[in-house]
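Please walk me through this model, beginning with how its aromatic residues are placed and ending with the surface near the DNA.

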Amino acid sequence: MRAKGNLSPPQRLRKMHRLLEEAYGPQHWWPAESPFEVVIGAYLTQNTSWNAAARSIANLRAAGALTAKGIRDLPIGQLMALIRPSGFATRKAPALKAFVTMLDAEFDGSMDALAATPTNPLRVRLLALPGVGPETADAILLYALNHPVPVIDEYLRRIAMRHSLEDAAPERKGYEQLGDLVRAAFAADPQTAQVPLLNQQHALVVAVGKAHCGKVARCEECPLLPDLLSLTPAD
DNA sequence: CGCCAGGCCGTGT
DNA sequence: ACACGGCATGGC
């Protein structure tokens, strides 16, 4: 017997995905006009609302700096000024410079060449960059480079806690553990579907998270609450 | 005024 | 391996 109904944790996560699709529909992520712009957004939105990140991106666009060359040619002080709206400019500006330096030195400045690297070594390389942790690395891999990796964020951690996505009593799960859970939920789908599925999965988690997964729980009208906690194995 | 945002990093256990 | 505080700015 499981603690919460008859569904295994991956089954519960898949059911959650279906419920979220019904509630929110297609999300068409990532909002950007190029892979490089996705990278910029991934850095700028760290612990920052997308609205604020979008302001910085608008500043960069107006300055013609939404390209590797644009970031490379901007003096660090000007870069900091342009991305000020999204906060942490003293960390994020050098981090963006470091990404471009890596792209130039190791991939001839080509995002396509970067994307052609196998997923595992590529993830390790991204994680070695300053200002790139697991979520930023995976967001870049999935949304800029089209590699099939799950993106785990704070909202999914809260959902996993509050909805007991694991077998046992709620307990905090590590990044890689939750990643394994997401992978298991979609493992049966064809390889060609992995990227769009994982894209939609994280986008939906953010959609519900913004609305109902505050730091201090405000789950009252969460569309997941009745169904996920029920004991009906509707899959 | 307060808390929070599509995290990461250094330090301490 | 985890928990914790600092980091900057804008919205509500």
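A residue counts as buried under 20% relative accessible area, as exposed over 50%, and as partly exposed in between. In this predicted model, Trp-29 has a relative accessible area of 25%, so Trp-29 is partly exposed. Trp-30, with a relative accessible area of 12%, is buried.

Across the whole structure, a search finds six aromatic pairs. In one of them, the ring centres of Trp-29 and Trp-30 are 5.8 Å apart and the planes stand at 55°, so this pair is tilted. Trp-29 and Trp-30 also belong to one aromatic cluster with Trp-50 and Tyr-143.

Another pair is formed by Phe-36 and Phe-99, whose ring centres are 6.2 Å apart; the planes are at 55°, so this pair is tilted as well. Phe-36 lies in helix α2 (residues 35–44) and Phe-99 in helix α6, so the pair ties together parts that are 63 residues apart in sequence. Phe-36 is buried at 7% relative accessibility, and Phe-99 is buried at 1%.

Helix α6 (89–107) also takes part in the surface near DNA strand C, where α3 (50–62) and α6 each supply at least two residues. The residues around the strand include Asn-47, Asn-51, Arg-55, Arg-84, Arg-91 and Arg-172. Of the strand atoms that come within 4 Å of the protein, 64% belong to sugar and phosphate. By class, the surface residues divide into four charged, four polar and two nonpolar.

Individual polar contacts give the detail. A side-chain N or O atom of Arg-55 is 2.3 Å from a phosphate oxygen of DNA strand C, and a polar side-chain atom of Arg-84 lies 3.2 Å from a phosphate oxygen of the strand. For Arg-91, a side-chain N or O atom is 3.1 Å from a base nitrogen of DNA strand C.

How values were computed
Residues numbered from 1 in each chain as written. Chains lettered and ligands numbered in written order. Predicted model: local features only at pLDDT ≥ 70, side-chain atom pairs only at ≥ 80, totals over all residues. Heavy atoms only, no water. Near = heavy atom within 4 Å. Polar contact = N/O pair within 3.5 Å; in protein donor to acceptor, adjacent residues only side chain to side chain. Helix = DSSP H or I, 4+ residues; strand = E, 2+ residues; numbered from the N terminus. Nonpolar A, V, L, I, M, F, W, Y, C, P; charged D, E, K, R; others polar. Phe/Tyr/Trp six-rings, centres within 6.5 Å; stacked < 30°, edge-to-face > 60°. Buried < 20%, exposed > 50% of the residue type's maximum accessible area, 1.4 Å probe, protein only.
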